[in-house]
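Hello,

Here is the structure I said I would pass on. My notes follow below it.

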Amino acid sequence: MSTDRDGKKLVRSASGLRMLPENRALSSPFCLEEPQWVPDKECPRCMHCDAKFDFINRKHHCRRCGKCYCDKCCSKKVPLPRMCFVDPVRQCGECSVISQKEMEFYDRQLKVLMNGAAFAITQGSSEKSENIVCRLSNNHRYLFLDGENHYEIEVARISTVQILTEGFTPGDIHTYTSLLESQCVTEGQRRREQSYHRDAASV
């Protein structure tokens with residue numbers, strides 16, 4: 001049975017301070033590893049605008065992609081929760097846009113999921129639905145479904161999510177593909193896929 005272990009430690013890297021779990025095996029599946037920095041000797045020019053580096057125009061590394069840029073092309077400091085940075089870190093223009101969009105997910109969706117919500121769930125071909133409370137574990141690794149029975153679903157094994165809302169027919173199902181790295185899904189896992197029906201009364 002899975003449990004939340006919230007022990008964390010502060011780690012300093014070349015990119016900045018990171019708050020990491022004591023047990024790296026229990027890291028959030030949404031986390032990204034720090035990239036390898038492009039060696040200074042391999043980038044005499046900015047990898048975006050091609051400006052030459054010198055004593056005045058110094059080089060900087062994007063904390064998300066690890067590439068080398070001038071200050072103009074890598075001046076934004078943006079939060080990067082997927083790498084567990086404590087403070088906003090320097091990122092190039094392209095990466096900063098991605099990180100800013102992800103903040104919506106971390107600031108809103110994740111908090112809602114961790115607080116939990118009421119659902120009606122129908123498993124497989126069964127016509128009987130069960131009222132449950134669904135919430136995300138503190139380490140983001142499991143979905144806990146509590147009702148007449150208790151289920152735990154490992155988030156990394158979810159490949160798609162189908163949401164049925166009141167007023168929609170089955171042909172109007174909205175399918176959301178997982179944002180996680182692509183995972184191998186076995187036939188046994190496919191057979192265990194479930195359809196979740198959002199309880200309109202709980203919205």
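Among contacts in the chain with a separation of 6 or more, 41% are between residues 24 or more positions apart. Please keep in mind that this is a predicted model.

Overall, the chain has 203 residues, and 33% of them count as buried. Its secondary structure consists of 2 helices and 13 strands. The accessible surface is about 13400 Å², and carbon and sulfur atoms contribute 51% of that.

On confidence: the mean pLDDT of the chain is 77, and 74% of the residues reach at least 70. Among the elements, strand S4 (residues 68-70) has the highest mean pLDDT, 97, while helix H2 (residues 187-191) has the lowest, 35. Over residues 173-203 the pLDDT is below 50, although this stretch does have 58 contacts in the model beyond near neighbours in sequence. Where pLDDT is low, the predicted coordinates should not be read in detail.

The part I looked at in detail is strand S9, residues 142-146. Of its 5 residues, 4 are buried, so the strand is mostly covered by the cut-off of under 20% relative accessible area. S9 has pairing partners in S8 and S10.

- S8 (residues 130-136) pairs with S9 in the antiparallel sense, over 4 bridges. Arg-135 has Phe-144 in S9 as its bridge partner. The two strands, S8 and S9, make a hairpin with 5 residues between them, and His-140 in the turn has a positive phi of about 65°.
- S10 (residues 150-154) is antiparallel to S9 and joined to it by 5 bridges. Tyr-142 stands opposite Glu-154 in S10. Here, too, a hairpin makes the connection: S9 leads to S10 through 3 residues.

You may want to know about the cysteines. How many disulfides does a search of the whole structure find? The count is 0. Take Cys-49: its sulfur has its closest cysteine sulfur in Cys-46, 3.7 Å away, which is too far for a bond because a disulfide needs the two sulfur atoms within 2.5 Å. Is Cys-49 buried or exposed? Neither label applies, because its relative accessibility is 40% and Cys-49 therefore counts as partly exposed. Cys-43, in contrast, counts as buried, because its relative accessibility is 2%.

Regards

Notes. Residues are numbered from 1 along each chain as its sequence is written. This is a predicted model: local features need pLDDT of at least 70, side-chain atom pairs count only at pLDDT 80 or more; totals for chains, interfaces and linings use all residues. Side-chain values use heavy atoms; hydrogens and water are left out. Buried means under 20% relative accessible area, exposed over 50%, partly exposed in between (1.4 Å probe, protein chains only). Two strands pair if DSSP finds at least two bridges between them. pLDDT is the predictor's confidence in each residue, from 0 to 100. Contact means heavy atoms within 4.5 Å. Accessible areas come from the Shrake-Rupley method with a 1.4 Å probe; for residues, only the protein chains shown count as cover.
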